[in-house]
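Dear colleague,

I am handing over the structure we spoke about, and my notes on it follow below. Please read them with the coordinates open beside you.

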Amino acid sequence: MNRKSRTVLLIPGIFDRGTCLLRMQRALSNAGFNAHYIHLRYNSGWHGMEHLSSQLMAKIEKLLITGETCTLVGFSMGGIVARYYLQSMSGIRKVHKFISIASPHHGSYWANFLPYKGGKQLRIGSEFLCDLNKSIHLLDQTNPVSIWTKYDVTIMPHSSAQLGLGISYEVPVILHRLMPISSKVISLTKKEVITGMADSI
């Protein structure tokens with residue numbers, strides 16, 4: 001059986017280099033976790049989710065020792081980057097808990113305005129997301145959590161931020177970009193990270 005580490009890796013959303021996750025990183029560090037965030041290049045998603053997920057895989061390989069697992073927390077596009085790593089790159093064996101925050105699991109209308117590979121992958125009904133959702137059952141063993149808000153006008157429809165598996169929390173946050181700095185979201189994330197340490201793999 002793999003050993004659960006107290007490592008938590010935070011994955012930022014599109015156009016963000018991780019700074020939106022600093023408050024969450026501090027809260028998790030203060031709770032005794034080894035919290036990191038990753039700078040994704042290029043964070044526009046220009047080269048697609050596969051390119052970004054490969055960076056995530058490399059980061060995890062550096063952070064974990066053999067036989068350890070970690071927690072992944074993905075904000076917005078970061079949740080989809082995490083899912084590709086988990087479901088298509090055998091990352092599932094390295095992760096015991098997956099939490100997504102306002103991620104477009106079923107696509108977003110706004111991705112239609114991003115005319116490059118990553119943007120096309122995040123569109124409603126894209127082949128990329130359909131393939132991911134066909135194998136969504138693989139995430140069962142990570143006891144997945146999705147945190148979302150009905151006021152989100154970036155993830156449209158807002159129901160797309162519900163994974164459809166595991167636990168779902170609706171929070172009263174008025175803007176997409178405020179989700180990772182919301183005290184409510186940070187509190188829920190910390191609670192679920194702690195719970196993930198107790199759950200069996």
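Along S2, which side chains point to one face and are buried, and which point to the other and are not? Before the reply, please keep in mind that this is a predicted model. Ala35 and Tyr37 are the buried ones, sharing one face of S2, whereas Asn34 and His36 point to the other face and are not buried. Strand S2 runs parallel to S1, to which it is joined by four bridges, and Val8 is the residue that stands opposite Ala35 of S2.

The sheet continues on from S1. Six bridges join S1 to S3, again in parallel, with Leu9 having Leu72 of S3 as its bridge partner. S3 in turn pairs with S4 in the parallel sense, over six bridges, and here Cys70 has Val95 of S4 as its bridge partner. Strand S3 has eight of its eight residues buried, so it is largely enclosed by the rest of the structure. Both of its faces are covered, since Glu68, Cys70, Leu72 and Gly74 on one side, and Thr69, Thr71, Val73 and Phe75 on the other, are all buried.

Leu72 appears again in the nonpolar interior. The largest nonpolar core has 31 residues, and of these Leu56 and Leu72 touch the most other members. Two or more residues of this core come from each of strand S1 (3–11), helix H2 (49–63), strand S3 (68–75), helix H3 (77–88), strand S4 (95–101) and helix H5 (127–134), and H3 gives the most, with seven residues. If neighbours within four places in sequence are left aside, Leu56 is in contact with Leu9, Ile11, Ile38, Leu72, Val81, Ala82 and Tyr85. There is also a second, separate core of 24 residues, which includes Phe33, Tyr37, Val171 and Met179. Phe33 has a further contact of interest, in that Arg6 lies over the face of its ring, at 4.1 Å from the ring centre.

Turning to helix H1 (residues 22–30), the buried residues are Met24, Gln25 and Leu28. Seen down the axis of H1, these buried residues fall within an arc of 100 degrees, so they line one face of the helix. They pack against S1, strand S2 (34–37), S3, S4 and helix H6 (183–198), while the face of H1 turned away from the buried side carries the exposed residues Arg26 and Asn30. Just after H1, Gly32 takes a positive phi of about 95 degrees; this glycine is placed in the loop between H1 and S2 and counts as partly exposed, at 41% relative accessibility. Gly32 and Arg6, although 26 residues apart in sequence, are 7.8 Å apart in space, C-alpha to C-alpha.

As for aromatic rings, a search of the whole structure finds five pairs. In one of them, the rings of Tyr84 and Phe128 have their centres 5.5 Å apart and their planes at 25 degrees, so the pair is stacked. This pair links distant parts of the chain, with Tyr84 in helix H3 and Phe128 in helix H5, 44 residues apart, and both residues are buried. Elsewhere, ring pairs link Tyr109, Trp110 and Phe113 into a cluster.

Several points of backbone geometry deserve a look when you go through the loops. The peptide bond from Arg41 to Tyr42 is cis, with omega near 0 degrees, and Tyr42 is found in the loop between S2 and H2. Another cis peptide bond joins Met156 and Pro157, with omega about 0 degrees, and Pro157 lies in the loop between strand S5 (145–148) and S6. Ser90, in the loop between H3 and S4, is a residue other than glycine with a positive phi, near 60 degrees, and is partly exposed, with a relative accessible area of 45%. Asn143, in the loop between H5 and S5, likewise has a positive phi, near 45 degrees, and is partly exposed at 30% relative accessible area.

Last, is His176, in the loop between strand S6 (167–170) and H6, buried or exposed? At 10% relative accessibility, His176 counts as buried. Not counting residues up to four places away in sequence, His176 touches Phe75, Ser76, Ala102, Asp152, Thr154 and Ile155.

With best regards

Key: Residues numbered from 1 in each chain as written. Predicted model: local features only at pLDDT ≥ 70, side-chain atom pairs only at ≥ 80, totals over all residues. Heavy atoms only, no water. Core = buried A, V, L, I, M, F, W, Y, C linked by side-chain atoms within 4.5 Å. Buried < 20%, exposed > 50% of the residue type's maximum accessible area, 1.4 Å probe, protein only. Contact = heavy atoms within 4.5 Å. Arc of directions from axis to C-beta. Phe/Tyr/Trp six-rings, centres within 6.5 Å; stacked < 30°, edge-to-face > 60°. Lys NZ or Arg CZ within 6 Å of the ring centre and 35° of its normal. Pairing = 2+ DSSP bridges.
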